[in-house]
Amino acid sequence: MGVPDKQSAAAALGTQIHEELENWLLHKTTPNHAVLKTVLDEFPPPMSDNVHIEKWLETPLSIVMFKGRADVIDCRDKIPVLIDLKTTSNLRYALTKPKLKSDLQMNAYGWNILNKYARE
């Protein structure tokens, strides 16, 4: 058992942005981060009904249970929209559309929310 490493500046920034977005969506608290302010219209309006924030999901995958927490699940329309916030200082680390199609986390989350939240 060791002492946890100090959080990197990049990880701290990601945590800050997650918290500011969560406070915006739940309480309409204006974010401090300049970049986040410029993309708020990409997210559901604050305090929206049928929008789940930091929702724990459990998805059975073969003989294991995949557990994770979705940042935002927007269920205002018939087909729910999953928003998984990622931060990076270099876009070469961002997942591309082809990579997202086979990403275990996104597929497990997608299967889970479609089964739980999609409406006919």
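Helix α4 tucks M106, A108, Y109, G110, N112, I113 and Y117 away as its buried residues, where buried means under 20% relative accessible area, exposed means over 50%, and partly exposed is in between (1.4 Å probe, protein chains only). Those buried residues pack against β1, β2 (64–74), β3 (81–83) and α3 (97–101), with contact meaning heavy atoms within 4.5 Å. Helices (H or I, at least four residues) and strands (E, at least two) are DSSP runs, numbered from the N terminus.

The length of α4 checks out too: its 14 residues (104–117) should span 20 Å at 1.5 Å a residue, and its end C-alpha atoms are 20 Å apart, which agrees. The expected span of a helix is 1.5 Å times one less than its number of residues.

A word on what you're looking at: this is a predicted model, in which local features need pLDDT of at least 70, side-chain atom pairs count only at pLDDT 80 or more, and totals for chains, interfaces and linings use all residues. Residues are numbered from 1 along each chain as its sequence is written, and side-chain values use heavy atoms, with hydrogens and water left out.

**The overall layout**

Stepping back, the chain has four helices and three strands, and they come in the order α-α-β-β-β-α-α along the sequence. The C-alpha atoms fill a box of roughly 40 × 40 × 30 Å, taken along the principal axes. The chain has 120 residues, and 30% of them count as buried. If you take the contacts with a separation of 6 or more, 44% of them are between residues 24 or more positions apart.

On the outside, the accessible surface comes to about 8800 Å², and carbon and sulfur atoms account for 55% of that. Accessible areas come from the Shrake-Rupley method with a 1.4 Å probe; for residues, only the protein chains shown count as cover. As for charge, there are 15 positive and 15 negative charges, and their mean positions are 4 Å apart. Lys and Arg count as positive and Asp and Glu as negative, while His and the chain ends are not counted. The place of a charge is taken as NZ of Lys, CZ of Arg, CG of Asp or CD of Glu.

**Two cores**

In soluble globular proteins, nonpolar side chains tend to be buried together. Here, the largest nonpolar core has 12 residues: I17, L21, W24, L25, L36, L40, F43, V51, I53, V72, I83 and L85. The elements giving two or more residues to this core are α1 (9–27) and β1 (51–61), and α1 supplies the largest share, four residues. Apart from this core lies another, of 10 residues, among them I73, A108, Y109 and I113. A nonpolar core, by the way, is a set of buried Ala, Val, Leu, Ile, Met, Phe, Trp, Tyr and Cys residues joined through side-chain atoms within 4.5 Å.

I17, one of the residues of the largest core, touches H33, L36, L85 and T87, not counting residues up to four places away in sequence. Q16 sits in helix α1 and is partly exposed at 32% relative accessibility. Its C-alpha atom is 8.4 Å from that of H33, 17 residues apart along the chain.

**Around the strands**

L82 lies in strand β3 and counts as partly exposed at 23% relative accessibility. Leaving aside neighbours within four places in sequence, L82 is in contact with A70, V72, I73, M106, Y109, G110 and I113. R69, in strand β2, is partly exposed as well, with a relative accessible area of 38%. With residues up to four places away in sequence left out, R69 touches E54, K55, W56 and Y109.

Here are some C-alpha to C-alpha distances to check on screen:

| Pair | Apart in sequence | Apart in space |
|---|---|---|
| L82 and V72 | 10 residues | 6.0 Å |
| R69 and L114 | 45 residues | 15 Å |
| T96 and T29 | 67 residues | 31 Å |

T96 is found in the loop between β3 and α3 and is partly exposed, with a relative accessible area of 39%.

**Two loop residues with positive phi**

M47 has a positive phi of about 55 degrees although it is not a glycine. You'll find M47 in the loop between α2 (34–38) and β1, exposed with a relative accessible area of 53%. S62 is not a glycine either, yet has a positive phi of about 55 degrees. S62 lies in the loop between β1 and β2 and counts as exposed at 77% relative accessibility.
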